[in-house]
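Work through the following exercises with the structure open beside you, and try each task before you read its solution.

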Amino acid sequence: MSISAFLVPRVLRLCAIAFVSTQVCWAQQTDTWQTDTQQEESQQAQSPSFAELKTSGLQRSRFKAVPDPAAEVDVGIDVVSPQPDTKGFDSSIKSLLDRHCVDCHGPDTVEGNIRIDTLDADLIHGTDTQWWSEVFAVVTNGEMPPPDSSDLSDAERERLVTWLSVELQRASRVRQRSGTRSAFRRLTNYEYNYALQDLLGQPWNFAKDLPPEARTEEGFENSSDRLHLSVSQLETYHRIARNALRRVTASGQRPPTRHWSISARDAAEREWARQDTQIHSLEKRLRKQPKKLAVELERLRERFEPHDGQAFFLDPSGQRKAVATWKYHGAKFAFAPREVKGNASQQNDCVAVLPNGRNSKLIFELGNQLPDEGTMRVAVRAWRDDSESDDLPSLQLHFGWQASNEGRALLRVSKEDVSVTGLSDRPQWIQWDVPLGEVYPRNSVRKTSPMGAMPSPSEYIKLVNSAVSKSVVHVDHVFVSAPVYDQWPPESHRRIFFADDATRDETSVAREIITTFMKRAWRRNIYEDEVRRKLALFETMRSTSDGFEEAVLEVLAAVLSSPNFLYVHNAGRESDAFALASRLSLFLWCSVPDDELVSLASSGRLTQPDVVAAQIDRMLADPRSDRFIKHFVHQWLDLELLEFQNFTQHQRGFDPLLKEAMLREAPELFKFILRENASVLDFLHCDYAIVNERLARHYGLPNVKGNHFRRVPLEPHHRRGGLLTQAGILAMNSDWPDSHPLKRAIWLLESVLADPPPPPPPAVPQIDLADPAIAKMSLKERIEDHRNHAACMSCHVKIDPWGIAFENYDAMGRWRQTIKGKPVDASSELFNHQTLDGMDGLKRFLLQNRQDQFVRATVSKLLTYALGRPLTFADQAEVDAITSRVRRGGDGLKTILQCIVQSELFQSRGITP
């Protein structure tokens with residue numbers, strides 16, 4: 001096989017292959033299935049356990065022999081006048097290459113456009129370092145030389161790998177020390193948004209008007225080679241900053257608050273009045289036909305009874321019900337606000353019964369009196385059924401409107417589901433605070449169309465019982481208030497205008513406000529000349545502004561539009577400690593440093609290793625670290641594919657709750673492994689899953705109740721554990737209505753192993769779907785037939801076996817044993833004749849043979865994200881050193897973060913050539 005399959009540029013390129021979709025069938029738990037499962041478990045019992053494979057793989061790790069950069073003498077590195085080991089090459093390595101490589105990559109045959117015999121053995125001064133890096137990768141992984149054409153022994157492979165490892169590290173460290181480029185970039189959209197949130201004290205989406213970010217080939221958004229700034233973008237940032245500052249500050253008198261106090265009886269009486277009207281109309285019409293009247297009355301009352309999934313009102317006696325309905329015509333369901341907050345009526349006077357599901361209409365219409373800005377506070381008194389069941393219902397809050405048949409919106413405005421734990425004798429108050437300025441879209445005619453007219457200007461809230469298990473929530477009272485301010489001016493205003501001493505002159509007050517804000521925004525100490533320029537701008541703006549605060553806000557908008565805020569830079573007058581504080585906060589919080597980091601930087605203590613280690617622990621324990629988890633995991637695993645996956649709504653077993661759970665599973669697993677400092681090998685396989693009830697039901701895991709994620713133990717027959725078998729990962733790499741082995745293989749190679757496959761050659765032949773013989777083939781058979789074409793072999797020999805191992809999982813990530821009545825064949829053979837027997841075999845192979853590759857890939861991905869730039873050859877020695885420390889320390893995920901932050905690359909501004 002040609003080495004070209006491994007030495008071409010490694011970028012994501014899907015082969016242009018048209019597969020005929022196959023119909024996914026559920027594996028039925030028949031006696032045959034049980035027999036197969038028992039045989040499989042018996043075979044697994046005779047094989048090493050996954051835990052044993054993790055241990056044995058670590059013992060064989062080559063990184064246990066990689067020296068620390070501080071011990072460079074161990075590998076004979078002279079950074080002043082480094083010398084390559086060409087003598088060792090001539091005496092020990094050249095003969096190996098001549099015997100095992102030159103036949104295919106020499107003067108007679110030049111496969112892959114590479115001649116091994118002409119590569120410069122001087123890796124320090126020569127120009128072939130990148131080729132040697134690729135040779136090292138394929139030899140280390142056992143991909144080269146091909147077993148069919150070489151009898152390279154283990155001892156010879158070790159000798160070759162050892163020489164290459166030392167020489168590559170030597171060359172990498174020398175180049176690192178001669179580097180001149182730093183990771184100078186602007187903030188990403190999400191970093192900019194979080195920075196404004198932390199500076200201004202409001203959790204709003206300030207960056208919603210910014211264009212989407214470009215991604216690197218590795219999937220990262222925070223890379224310096226993508227994050228530039230144009231003049232038009234600068235104007236956009238200035239406009240966003242000005243609007244944000246005005247939104248978080250207050251002017252004038254406190255706005256009046258309107259209140260809605262709505263009891264279940266208030267809403268029920270409207271339904272009962274409508275029922276009474278229909279009954280009286282029927283009685284009047286059939287008063288002379290008593291028999292028919294009795295029949296029709298019975299039918300009418302049956303229509304009043306709620307069906308499954310419908311919310312309804314129940315009177316105190318339990319004898320009368322009314323389905324909760326809502327229509328937008330004439331705003332007939334709107335409740336009027338009042339100026340004074342009312343009191344809740346006596347509990348259980350009348351209740352609304354809300355079953356689980358999104359189709360019920362427990363809607364409380366509020367009219368057109370809600371303001372544009374400010375907080376809408378919604379409080380609901382609720383409880384669940386009085387039972388010992390652990391099926392807890394959950395509540396979500398939605399906001400919506402319908403102006404006409406064509407114009408409507410319904411948005412979820414509660415971030416987290418709230419478990420309803422209250423009982424009838426101890427009801428629970430559930431409260432949501434909704435920033436109305438963040439609700440989009442709003443009803444566009446709420447200020448122009450009068451109530452009762454069409455289009456309707458009214459808006460409403462809707463309660464949703466989002467539980468997976470069948471359950472009900474009882475609600476007897478709802479309070480709504482808007483706009484709500486716990487204090488005036490609000491806290492966000494006081495964060496900026498904290499200096500309000502009326503005895504001082506405006507300039508001195510402005511100096512204090514502006515200087516304090518600049519230090520927080522620019523992440524460093526502020527110099528006098530910088531303050532003077534901003535005060536000069538204040539004086540200019542003051543002469544044309546309506547007031548002091550307006551002039552200050554204009555200056556602060558300029559502060560937030562400055563490159564000192566918008567850019568992440570590592571040079572200038574500020575100390576290394578301030579730069580380190582910024583890098584650390586952007587890495588773990590995606591935001592600006594807090595007061596403690598700034599204080600430590602000011603004192604110079606932040607450069608001390610023990611202080612940095614303590615800060616990492618503190619920052620990871622802070623809720624802001626969830627930002628790092630969210631954005632790194634999404635970019636690392638390319639979960640954007642799942643976000644935009646257009647699931648077939650009629651796909652059996654699919655619902656929005658499942659997709660939401662799929663999106664959260666990978667970050668939740670990452671969060672658990674990070675918190676426990678568990679081994680990153682758990683990403684390949686672990687004996688637990690982090691799931692909620694909806695996902696557990698999808699996986700067939702029993703006794704998991706509620707929408708919150710938690711650790712659930714797994715048994716071998718569950719066929720889960722780690723990233724590779726997560727439903728979201730499998731679903732996003734499918735091709736409806738079936739799986740897609742190539743997508744799954746490429747995702748594995750790129751995201752998990754950092755070993756992307758080669759791009760396809762031009763003019764890739766299509767599968768002839770009109771050929772009856774091909775149409776009868778299984779998916780695996782079609783892949784193998786396609787791979788037999790000469791133009792396709794070099795690509796597919798590296799891709800196909802990895803993807804075929806996933807074939808027991810359908811397009812929704814469910815386990816299957818048959819497709820169209822035929823047994824699934826998930827076995828495949830790698831390039832070195834190693835057999836992968838389905839997912840179990842894939843996991844075993846990775847844990848037994850690719851631990852080093854996976855741990856190093858994980859380190860590389862995290863380091864790329866931490867530095868905010870692509871890694872180069874000059875970084876490779878430090879990557880190996882970090883990986884060595886991690887492997888020696890037990891492969892903990894938090895250990896990786898500690899090692900990265902303490903590394904020379906992170907501490908020394910990430911400079912690289």
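The exercises below concern a predicted model, and each one is followed by a worked solution.

**Exercise 1. The protein as a whole**

Task: State how many helices and strands the protein has, and what share of its residues counts as buried.

Solution: Begin with the secondary structure, which comes to 32 helices and 22 strands. Next turn to burial, where 55% of the 913 residues count as buried. The surface can then be added to this picture, since the accessible area of the protein is about 39900 Å², and carbon and sulfur atoms hold 50% of that area. Finally, consider the contacts with a separation of 6 or more, of which 76% are between residues 24 or more positions apart.

**Exercise 2. Checking a helix against its expected span**

Task: Decide whether the distance between the end C-alpha atoms of helix α7 agrees or disagrees with the expected span, and then describe how the helix is covered.

Solution: Helix α7 covers residues 189-200, which is twelve residues. The expected span is 1.5 Å times one less than the number of residues. For α7 this span should be 16 Å, and because its end C-alpha atoms are 16 Å apart, the two values agree. As for cover, twelve of the twelve residues of α7 are buried, including Asn189, Tyr192 and Leu200. Just after the helix comes Gly201, which takes a positive phi of about 80°.

Glu191 serves as an example from within α7. Its relative accessible area is 1%, and Glu191 is therefore buried, the limit for that class being under 20%. If residues up to four places away in sequence are not counted, Glu191 touches Arg185, Asn222, Leu586 and Cys590.

**Exercise 3. Classifying two residues**

Task: Say whether Arg239 and Leu862 are each buried, partly exposed or exposed.

Solution: Take Arg239 to begin with, which has its place in helix α8, residues 231-248. Because its relative accessibility is 36%, Arg239 counts as partly exposed, given that this class lies between 20% and 50%. In space, the C-alpha atom of Arg239 is separated by 9.9 Å from that of Ala558, although their positions lie 319 residues apart along the chain.

Now take Leu862, which belongs to helix α29. Its relative accessibility is 0%, so Leu862 counts as buried. Leaving aside residues up to four places away in sequence, Leu862 touches several residues, among them Phe587, Phe628 and Phe632. One of these, Phe587, is 275 residues from Leu862 in sequence, while their C-alpha atoms are 9.5 Å apart.

**Exercise 4. Naming the geometry of ring pairs**

Task: Find what kind of ring pair Phe89 and Trp163 form, and what kind Phe632 and Tyr865 form.

Solution: The protein has 25 aromatic pairs by the rule used here. In the pair of Phe89 and Trp163, the ring centres are 5.3 Å apart and the planes stand at 45°, so this pair is tilted. Phe89 lies in helix α4 (residues 86-100) and Trp163 in helix α6 (residues 154-177), so the pair ties together parts that are 74 residues apart in sequence. Both Phe89 and Trp163 are buried.

In the pair of Phe632 and Tyr865, the ring centres are 5.4 Å apart and the planes stand at 70°, so this pair is edge-to-face. It links distant parts of the chain, with Phe632 in helix α19 (residues 625-637) and Tyr865 in helix α29 (residues 851-867), 233 residues apart. Phe632 and Tyr865 are both buried, and they belong to a cluster linked by ring pairs that also includes Phe220, Phe587 and Trp636.

**Exercise 5. Following the partners of a strand**

Task: Identify which strands pair with β8, and in which sense.

Solution: Strand β8 covers residues 394-402, and nine of its nine residues are buried. With β10 (residues 418-419), β8 pairs in the antiparallel sense over two bridges, and Ser394 stands opposite Ser419 there. With β12 (residues 459-465), the pairing is again antiparallel and has six bridges, with Leu395 opposite Asn465. With β9 (residues 408-412), β8 runs antiparallel and is joined by five bridges, and the bridge partner of His398 in β9 is Arg412. A hairpin of five residues joins β8 to β9.

Technical notes: Residues numbered from 1 in each chain as written. Predicted model: local features only at pLDDT ≥ 70, side-chain atom pairs only at ≥ 80, totals over all residues. Heavy atoms only, no water. Helix = DSSP H or I, 4+ residues; strand = E, 2+ residues; numbered from the N terminus. Buried < 20%, exposed > 50% of the residue type's maximum accessible area, 1.4 Å probe, protein only. Phe/Tyr/Trp six-rings, centres within 6.5 Å; stacked < 30°, edge-to-face > 60°. Contact = heavy atoms within 4.5 Å. Areas by Shrake-Rupley, 256 points an atom, 1.4 Å probe, with all protein chains shown as cover. Pairing = 2+ DSSP bridges.
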